[in-house]
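Welcome, and please get your viewer ready for a short guided tour. Each stop suggests something to select and then tells you what is there.

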Amino acid sequence: MDKEKILIAGLGLIGGSLACALRKNEPDCVLLGADSNAASVAAAIESGVINDGGELEVLLPQADLLVLALPPLAISGIVNLVASKVPPTCVITDVGSVKSHIIEAVNKLGADFSARFVPGHPIAGSEQSGFSAADPGLFAQRKVILTPQEHTSPAAIARVNALWRKAGADVLGMSPIRHDRVLAATSHLPHLLAYAIVDMLLHTEDSDDIFRYAAGGFADFSRVASSNARMWSDIFAANSEATVRVLDDYIGNLESLKQRIQNRDREGMMEIFERAKQTRDNFIKKHYNTGKNSMDSPSREVVFKVEPGGSVAGTLRVPGDKSISHRSVIFGALADGITEVSGFLEGEDALNTVAAFREMGVTIIGPEQGSLTIYGVGKHGLQAPRKPLYMGNSGTAMRLMAGLLAAQDFASELSGDESLSGRPMGRVAEPLRQMGANIETAAGGTPPLRIKGSKLKAIDYDMPVASAQVKSCLLLAGLYAEGVTRITEPAVCRDHTERMLSGFGVEVEGGYPDPTVTLRDGQQLTATSIEVPADISSAAFFLVAASIAEGSDLTLEHVGINPTRTGVITILQQMGANISLHNERVVGGEPVADIRVQHANLRGIEIDRRLVPLAIDEFPVLFVAAACAEGETLLRGAEELRVKESDRLEAMAQGLLSLGVVLETYADGIRIRGGELGGGIIDSHGDHRIAMAFAVAALRASQAITIRNCQNVATSFPGFAEVARGAGLALSETLE
Ligand code: S3P
């Protein structure tokens, strides 16, 4: 078979740099180049960057992959010609900084052509232009945004994704409309302002002096006014609507600043400048300095202060289920076809999972308003990650990914934040090794995990701990292993993986209520739609809040009530809670309901050990319920709580003791005597659920509760403070 020919139309800064990067990173590739400037083509041939070059019309019929590296209006003007000349299998992409109008032009050319056209935009460049400015490193670790449509072919997307990865870029997905709005604000507006300020100063009388004495600030601010004028007029013409919209906002903002300046309102100005400074400092730190997620080096500590008393009322919907959100990305990426996810949890943990799959070459649009579109690459389509995959705070993500990565034909490394770096990974590494996996952990069986992909053999495994993460890890490995994988759990634990695999067309036998689940080898996943229900683990904070606070009456909408997750409801009901389920329905294979909860006088109970895995994440807030109940509550058989995001038995005991609660801990549990709660300062130990549990406790406290170290609440419940305030908690949030 002939070697694939990549044709780059336009050998300016972007096209030329792409050609240089491809040549450097894949010396054998076949690159053709076209440009209206014959000197650029000659220079590119002479320097060995392209193999051949010439007239675009002549080269188009030879292209297997075509990159339109032209100004936006030139792209929309040329697609007609392109469609008539390229071979029927040619994949086409572009680099235009405005997407909607190009897509409009492409869609007029028929479904077959537009399915092969993958709109793209590298967020890279410089104020220089032309082939002479081309730089093979221009795209290294820079973002490239693809804006495919519902009917764009996943194979074409994967090809374009791989092209940009080869150039060193990180590939993201976005809807075209969002892309154009975001870019209008973050790129187009700043360019406009730079042009405008230089132009304005040029027309002042003393412009010579102004430019002569201009200091660094002016040079920084006006740098982009040296950009290519033709290209930028094209961009504003193509993205007129979105730019005018953001320009109006900007003018409004300037007007109000002008007012403050006129009034010599220093306080008012300070307020705006401080806020802007903080925002910029944070985003520079997050996106340019650490190379990792903000969670790893939180710039500021989040502190909750909750005034005592009050009640909760109304109707609310908590964010999407964390377990299901992680799994939707994993299975969507491995499926053939396009998976649409709605209700996705936009928490830090789930976003890290999205980033990990992007790093492995999967194109994912979103999350945009809770929706994700995942262009699946198939079971064998993942690409080797170029850096360690950062799983943040999430044990679930790390353990599930371990099973998947153990079976790939490339090496990988999984890392996490401080809390995750101390959590046990032997529970997955051991059985995976039995399957033939090559996994190294740090001494003590903790992350990072270094994995060399291997051929796996199925095993029959009796899990020593009731862990859905271990079960799911082995099922993921089992998808690739030779033979029949059989896993038996010692107690019921969540079955989202089994349900979701069925949703993706994989036959899974057994599973809840049967303790054994069986998976046959050689099965593929077919893309599907997933509606993620609200997370019962997040709803749990409000189930307890309403139960303990007199006068409360709250409805939680669309909550997942999978029977392997409802331990919290059972336990609270056994304690006397007034909880009722309404509107029960099944959505995408998962049962959901609206849950009404009203205040009730709770009593202490001895919690049935069999309920432990069914309420495993809800114990922090259940301990708060126990502290507000009449009599004693006893929990045993819950040693797993010691190896969660924190040692939850210890962290909760410490916090409750400082509020004056009488309790006793055991290696595997806790005994709590209900009574009065005082106030005080609590350390959440960086554990999101400990932080939220103590926020709820304030409803029954005699004094305010201050909770430190709350930044990780964003891992599972972004916007918790706002939702809690909306429901009735007197919670304020500060950055320290
Ligand atoms: C989870 C399983 C549970 C739970 C975690 C999410 C999952 O962990 O605590 O928050 O999504 O599979 P274990 O499997 O360790 O019990």
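Begin at the ligand and select Ser323: a polar side-chain atom of this residue lies 2.6 Å from an oxygen atom of the ligand. That is a polar contact, meaning a pair of N or O atoms within 3.5 Å; within protein, one must be able to donate a hydrogen and the other to accept it, and residues adjacent in sequence count only if both atoms are side-chain atoms. Add Arg327, where a side-chain N or O atom is 2.7 Å from an oxygen atom of the ligand. Then add Lys644, whose side chain has an N or O atom 2.6 Å from a ligand oxygen atom. On its own the ligand has 380 Å² of accessible area, and the protein covers 95% of that (areas come from the Shrake-Rupley method with a 1.4 Å probe; for residues, only the protein chains shown count as cover).

A word on the model before you go on: it is predicted, so local features need pLDDT of at least 70 and side-chain atom pairs count only at pLDDT 80 or more, while totals for chains, interfaces and linings use all residues. Residues are numbered from 1 along each chain as its sequence is written, and side-chain values use heavy atoms, with hydrogens and water left out.

Next, show the whole shell. Besides Ser323, Arg327 and Lys644, the residues surrounding the ligand are Thr396, Arg399, Ser467, Ala468, Gln469, Arg494, Ile616 and Asp617 (a residue is near a molecule or strand if one of its heavy atoms lies within 4 Å of it). How do the residues of the shell divide into nonpolar, polar and charged? Two are nonpolar, four polar and five charged; here Ala, Val, Leu, Ile, Met, Phe, Trp, Tyr, Cys and Pro count as nonpolar, Asp, Glu, Lys and Arg as charged, and the others, Gly among them, as polar.

Colour α14 (322-334), α16 (395-405) and α18 (468-478), which each supply at least two residues of this shell. Helices (H or I, at least four residues) and strands (E, at least two) are DSSP runs, numbered from the N terminus. Now colour by domain: the ligand lies between domain 2 (323-531) and domain 3 (533-735), because both give residues to the shell. The domain bounds come from an automatic or database domain assignment.

For the next stop, find the open sheet of three strands ordered β27-β29-β28, where the pairing is antiparallel. Because β27 (632-635) and β28 (662-666) stand at the edges with a single partner strand each, one side of each is left without a neighbour in the sheet. Two strands pair if DSSP finds at least two bridges between them. Zoom in on β28 and β29 (residues 669-673), which run antiparallel and are joined by five bridges. Select Tyr666 and you will find its bridge partner, Gly669, in β29.

Move on to the open six-stranded sheet, with the order β3-β2-β1-β4-β5-β6 and parallel pairing. Its edge strands, β3 (52-54) and β6 (117-118), each pair on one side only. Three bridges pair β2 (residues 30-34) with β3 in the parallel sense, and Gly33 stands opposite Gly53 in β3.

Then look at β8 (residues 143-146). With β7 (residues 120-122), β8 pairs in the antiparallel sense over three bridges, and Pro122 stands opposite Val144. With β9 (residues 170-173), β8 runs parallel and shares four bridges; there Lys143 stands opposite Asp170.

Finish with some backbone details. Most residues other than glycine have a negative phi, and most peptide bonds are trans. Select Gly366 and Pro367, which are joined by a cis peptide bond with omega of about 0°; Pro367 lies in strand β13 (residues 363-368). Tyr512 and Pro513 are also joined by a cis peptide bond, with omega of about 5°, and Pro513 is in the loop between β21 (508-510) and β22 (516-519). Last, select His558 in strand β24 (residues 553-560): although not a glycine, His558 has a positive phi of about 55°.
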